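Subject: Structure for your review

Dear colleague,

Please find below the structure that I am passing on to you. My notes on what was found in it follow directly after.

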Amino acid sequence: MPSLRIATRKSPLALWQSEHVAERLRLAHPGLRVELVPMSTRGDEVLDRSLAAIGGKGLFLKELELAMQRGEADCAVHSLKDVPMELEPGFTLPAILARADYADAFVSSRHADIAALPQGARVGTSSLRRQAQLRARRPDLQLLDLRGNVNTRLQKLDDGGYEAIVLACAGLERLGLGPRIRARLQAPDWLPAPSQGAIAIECRDDDGVVQGLCSALDDASTRICVDAERAMNRALHGSCHVPVAAYARLDGDKLHLAGLVGDAADGRCVRAEATGQRDAPAALGRDVAAQLLALGAREMLLVAAEADTGPYLS
């Protein structure tokens with residue numbers, strides 16, 4: 001039985017996710033030796049500027065992909081929402097694990113939910129998607145930048161820098177911090193980043209052995225849903241500098257997808273949804289994207305592209 005080396009970021013959440021994948025692989029392939037190869041990425045190192053300003057979420061992947069190309073690792077584990085819509089040539093995603101909680105989490109020491117925040121309250125999030133939906137609900141709020149790993153963000157909240165912050169439920173729950181969630185921000189009123197809550201394994205597309213080992217963890221239902229969400233984002237040219245949100249769910253043979261494009265500056269949001277067949281998720285994603293463009297997202301995309309402010313953050 002071969003061994004498997006997993007490249008991973010060094011943050012507590014990334015290490016948890018990679019160890020979770022490692023344990024699942026050991027269970028699926030008794031006798032398989034799995035080890036983690038922790039690495040630091042530029043996205044983790046530069047915390048004094050937004051991800052948009054330094055190159056976008058692809059910075060979390062680049063060093064891990066280089067490690068695979070150099071033969072220092074066999075695969076890498078990512079939060080799928082951080083994975084660009086188009087992979088670098090030579091790479092593939094052999095497994096997408098069953099999705100955890102897709103929703104965003106409202107976290108506050110004193111306030112129960114967004115509606116309970118006082119006028120002009122300071123809310124921390126670097127996500128343009130979250131900012132757009134917050135402004136749509138509460139244009140009076142002060143939305144402030146918030147970078148760092150989950151524990152760092154929570155500490156900034158506890159130190160009094162913010163009245164509330166917004167994080168992903170899945171990340172909090174994976175780190176045993178579920179009790180910090182005051183309210184779940186969930187569909188249909190609030191939409192997550194495409195693929196939020198799903199973990200993906202990436203490897204070289206010419207390594208059949210690694211693909212075969214990892215594919216044992218692939219969850220068919222999750223892949224269908226995230227394929228629809230990512231297809232919608234891809235059709236909108238998902239590296240554009242605007243907030244994009246999407247959530248797909250299966251109901252028997254039917255697949256339902258809701259999508260949103262917003263403006264973080266003024267809270268304008270356009271929404272669309274459609275239902276299709278579970279065996280055609282990409283077509284459904286393109287359908288919802290076309291609806292969004294027709295409803296006004298095209299203008300928002302063009303304005304944002306002209307601003308050239310960098311890739312959107314989920």
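In this predicted model, helix H4 spans residues 59–69, and its buried residues are Leu59, Phe60, Leu61, Leu64, Glu65, Ala67 and Met68. An α-helix has 3.6 residues a turn, so residues three or four places apart point the same way. Just after H4, Gly71 adopts a positive phi of about 80 degrees. Strand S3, residues 75–79, contains Ser79. Ser79 has a relative accessibility of 17% and therefore counts as buried. Leaving aside residues up to four places away in sequence, Ser79 is in contact with Gln17 and Ala198.

As for the chain as a whole, its secondary structure comes to 10 helices and 13 strands. It has 314 residues, of which 54% are buried. Among contacts with a separation of 6 or more, 69% are between residues 24 or more positions apart.

The largest nonpolar core holds 23 residues, and those touching the most other members are Met232, Leu236, Leu255, Leu257, Val261, Val288 and Leu292. Two or more residues each come from helix H9 (220–235), strands S11 (244–251), S12 (254–262) and S13 (269–277), and helix H10 (281–307). The greatest contribution is that of H10, with 8 residues. A further core of 21 residues lies apart from this one and includes Tyr162, Cys169, Leu191 and Ala258. In soluble globular proteins, nonpolar side chains tend to be buried together.

Val261 merits a separate entry. Not counting residues up to four places away in sequence, Val261 touches Leu236, Val242, Pro243, Val244, Arg268, Cys269, Val270, Leu292, Ala297 and Met300.

Strand S12 is largely enclosed by the rest of the structure, because 8 of its 9 residues are buried. S12 pairs with S11 in the antiparallel sense over 8 bridges, and one of the bridge partnerships links Ala245 to Leu260 in S12. The two strands S11 and S12 form a hairpin with 2 residues between them, and Gly252 in the turn has a positive phi of about 65 degrees. S12 is also antiparallel to S13, with 9 bridges between them; here Leu255 has Gly276 in S13 as its bridge partner. S12 and S13 likewise form a hairpin, with 6 residues between them, and in this turn Gly267 has a positive phi of about 80 degrees.

The loop between S12 and S13 also holds Asp266. With a relative accessibility of 42%, Asp266 counts as partly exposed. A polar atom of the Asp266 side chain lies 2.9 Å from the backbone nitrogen of Arg268. Asp266 and Gln131 are 135 residues apart along the chain, and their C-alpha atoms are separated by 9.3 Å.

Which aromatic rings pair in this structure? A search of the whole structure finds 1 aromatic pair. It consists of Tyr102 and Tyr247, whose ring centres are 3.9 Å apart and whose planes are at 20 degrees, so the pair is stacked. This pair links distant parts of the chain, with the two positions 145 residues apart: Tyr102 is in the loop between strand S4 (91–96) and strand S5 (104–107), and Tyr247 is in S11. Both tyrosines, Tyr102 and Tyr247, are buried. In addition, the charged end of Arg184 sits over the ring of Tyr102, at 5.9 Å from its centre.

Finally, I turn to strand S5. From S5, Asp104 and Phe106 point one way, Ala105 and Val107 point the other way, and all are buried. S5 pairs with strand S8 (residues 164–168) in the antiparallel sense over 4 bridges, and Phe106 has Val166 in S8 as its bridge partner. S5 also runs antiparallel to strand S9 (residues 183–185), to which 3 bridges join it. In S9, the residue opposite Phe106 is Ala183.

Yours sincerely

Key. Residues numbered from 1 in each chain as written. Predicted model: local features only at pLDDT ≥ 70, side-chain atom pairs only at ≥ 80, totals over all residues. Heavy atoms only, no water. Buried < 20%, exposed > 50% of the residue type's maximum accessible area, 1.4 Å probe, protein only. Contact = heavy atoms within 4.5 Å. Core = buried A, V, L, I, M, F, W, Y, C linked by side-chain atoms within 4.5 Å. Pairing = 2+ DSSP bridges. Phe/Tyr/Trp six-rings, centres within 6.5 Å; stacked < 30°, edge-to-face > 60°. Lys NZ or Arg CZ within 6 Å of the ring centre and 35° of its normal. Polar contact = N/O pair within 3.5 Å; in protein donor to acceptor, adjacent residues only side chain to side chain.
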